[in-house]
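Dear colleague,

I am passing on the structure below for you to look over. My notes on what was found in it follow directly after.

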Amino acid sequence: MIRWFVGAMAFCALTTAAFAADPIEVRIGYLGRAGIKPTLSLVQQPADNDGVAGARLAIEDNNTTGRFQNQRFSLDEIRLKPQDDPAMAAVSLADRNISFIVADLPAEALLKAADAVKDRGAVLFNAGAPDDSLREADCRGNVIHTAPTRSMLADGVAQYLVWKQWKRWLLVVGSHPEDKLYADALRRAATRFGAKIVQERTFEDTGGARHTDSGVTLIQRQIPVFTQQAPAYDVLVAADESEVFASYLPYRTWDPRPVAGSAGLVPTSWDAAQDQWGAVQMQNRFLKLNARRMTALDMQAWTAARMIGEAASRTSSGDAKTLLGFLKSPDFSIAAFKGQRLTLRDWNLQLRQPVLLVDGRMVVSVSPQEGFLHQVSELDTLGVDRPETKCKLK
Amino acid sequence: MWGRDLVSGMAVWLVACAPAAAVSAYVSNEKSNTVSVIDTDSWTVTATIKVGQRPRGIDFTRDGKFVLVAVGDDDTIEVIDAATRQVVDKLPSGPDPELFVQDAAGKVLYVANENDNTVTIIDLEKRVRTGDVQVGVEPEGMAISPDGKILINTSETTNMAHFIDTATRQIVANVLVDARPRFAEFKRDNSELWVSSEIGGTVSIIDPARRAVTGKITFNIPGLRREAIQPVGIGMTRNGKTAFIALGPANRVAVVDAVSHEVRKYLLVGQRVWHMAFTPDEKYLLVTNGVSNDVSVIDVAAQKVIKSIQVGELPWGITMAQP
């Protein structure tokens, strides 16, 4: 009886398979960080699903397209607490036969995760780490970067400041390592595009709460004092990824000067105000799905998951090697509401992209600026270019 | 004998001197929320009509009496009476209508709604919505086959041309094209379907019978980087011999031999050229230049730009009553 039943089951399975071809399943992993980094402005406080919300929208978009090609996409999400091992998390995704992992991890954790699944043929999409080192000395053949680098962001804002003839910069740098890395990128940008850093100051993080009941009164006294007696300058450029001081600077400097960098005019891959090149449709779709506005991290994760969908669509395949081969080929490009096709730098697998310059309410401009020319792609005027790269892909 | 000559002479005189019915071009100005009316005899703007928010797709009804304009941010299509130049009605499109196409009889309107991945079907006589077809992400380009049997919709993020059977309203084929397909146009003999890909930078030639891409038109303009060449609007002469393709921020219209698919010439027009319309006699082609806020007039036979006309801000679509 049981044997007959099993036999019938097998027969049913076979006939089903014969009548409708099994859909191609593409499972995508998401490795994110648990916990939210506090920001000075409540408005900029990221949502708990910052990043993964973008990946989820891309899964929806991929599935809408997939309906026409019998392809299905899904997302497996893991959030890492600071004490969790990123290597183990990546391996657990690979164990579920997941070959593509969208990651929002700090640089060191990202490398551990990538190296742990290299032999499994898995590829990571770095959606969250802006470190140039990940695309240079520490580059990996199984890491594709959709996040722009610090040097791309710095070059994006520098081109605009130079175009405005605001060439004398007062550079204020935070005291944390990532603030210093951003300052390195800004110094490099100043040298490349002909700006002059007239003075540098360090804003020490002496600890303390970011939100207090009498904060504004105190800050209004501190910031003018901190910025006084500076040599003549056109614009204050701030490097504060740690959210310690930059947002306090606009309107409070001793001299009436604009602010750029980590506050004021901010370079970014995406902004909720971006409405050009069909972006309104994207913003509306995102708002409908997630009941909030779309951030840069959401966009970087969307782009990563869309790239996988695009590769599956173009190759009519769900095979990891085939998809990766397509992504690395000269045929690959992706449309991401930035007014032009985005492609990968073949020497380090960084996605070329325009940089938006935003003020928190509007998109002020988009770099590369007119007149910054390049023999291959004007997008390569942003960030470290092929002749300067230290990356040897393995 | 003499009398007969006189009569035929009179007829010639009548034809030559009777004022040709003045043809007006209607241009949607996406940012101004207006429609500019251009007189094609004097090449001047003779009227500016206030419409809803974000007017884009625009077309005459087949009887030439009304102009339909999709006002995306108001989620509707407005109906302009061409005689009074007033908005007299609106049509029940879905959210954010962008481009639309009518059947040959002018009875059914098919609308691409960018926001919810659907094509809406509207009965133009009763002015009611009669159905929807689910398509890919961000539907935009719309075309109907000369025999009326197949509706084409292009979806900008799915990157496909969807073939929809107009009788059953079912998708019968999906053809993958290059990134961000914006516009679709059939040859009048149904031998080819052309689809422009804005970000891909190509125009795909599709065989409507095989429903497969058989060739691609690419563009190469010395001194311009590849990313700036973004094909959008397509205009084909009725004899199927010459096509004009608007190349967006390349600020040029490509003149293409529609038989061999070879690009013959690039005409310099205004900035960010997108859509176009022929005068009914096909002597002139008018193209909208979004960033320079003007319309360029191309002499079709001479393949030369002869004039530009200032209109509202960010001119998008253009239409003229066709015979």
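I begin with helix α6 (residues 177-193) of chain A, whose 17 residues should span 24 Å at 1.5 Å a residue, and the end C-alpha atoms are in fact 25 Å apart, which agrees; the expected span is 1.5 Å times one less than the number of residues, while helices (H or I, at least four residues) and strands (E, at least two) are DSSP runs numbered from the N terminus. Please bear in mind that this is a predicted model, in which local features need pLDDT of at least 70 and side-chain atom pairs count only at pLDDT 80 or more, whereas totals for chains, interfaces and linings use all residues. Residues are numbered from 1 along each chain as its sequence is written, and chains are lettered from A and ligands numbered from 1 in the order in which they are written.

Among the buried residues of α6(A) are A:Leu181, A:Tyr182, A:Leu186 and A:Arg187, where buried requires 20 or more other C-beta atoms within 10 Å of the residue's own, exposed means 12 or fewer, and partly exposed lies in between, with C-beta atoms placed from the backbone. The buried residues of this helix pack against α5 (150-163), β6 (168-174), β7 (196-203), β8 (235-239) and β9 (259-261) of chain A, and just after the helix A:Gly194 takes a positive phi of about 85°.

Chain A as a whole has ten helices and 14 strands, and 48% of its 394 residues count as buried. It is divided into domain 1 (24-148 + 274-353) and domain 2 (151-268), with bounds that come from an automatic or database domain assignment, and the C-alpha centres of these two domains lie 30 Å apart. Ten residues of domain 1 of chain A are in contact with ten residues of domain 2 of chain A, two residues being in contact if their C-beta atoms, placed from the backbone, lie within 7 Å.

A second site to inspect is A:Ala305, which is found in helix α9 (residues 296-315) of chain A and is buried, with 29 other C-beta atoms within 10 Å. Leaving aside residues up to four places away in sequence, A:Ala305 touches A:Ile28, A:Ala55, A:Ala58, A:Ile59, A:Asn62 and A:Val102.

Finally, the contact between the chains takes 17 residues from chain B and 14 residues from chain A.

With best wishes
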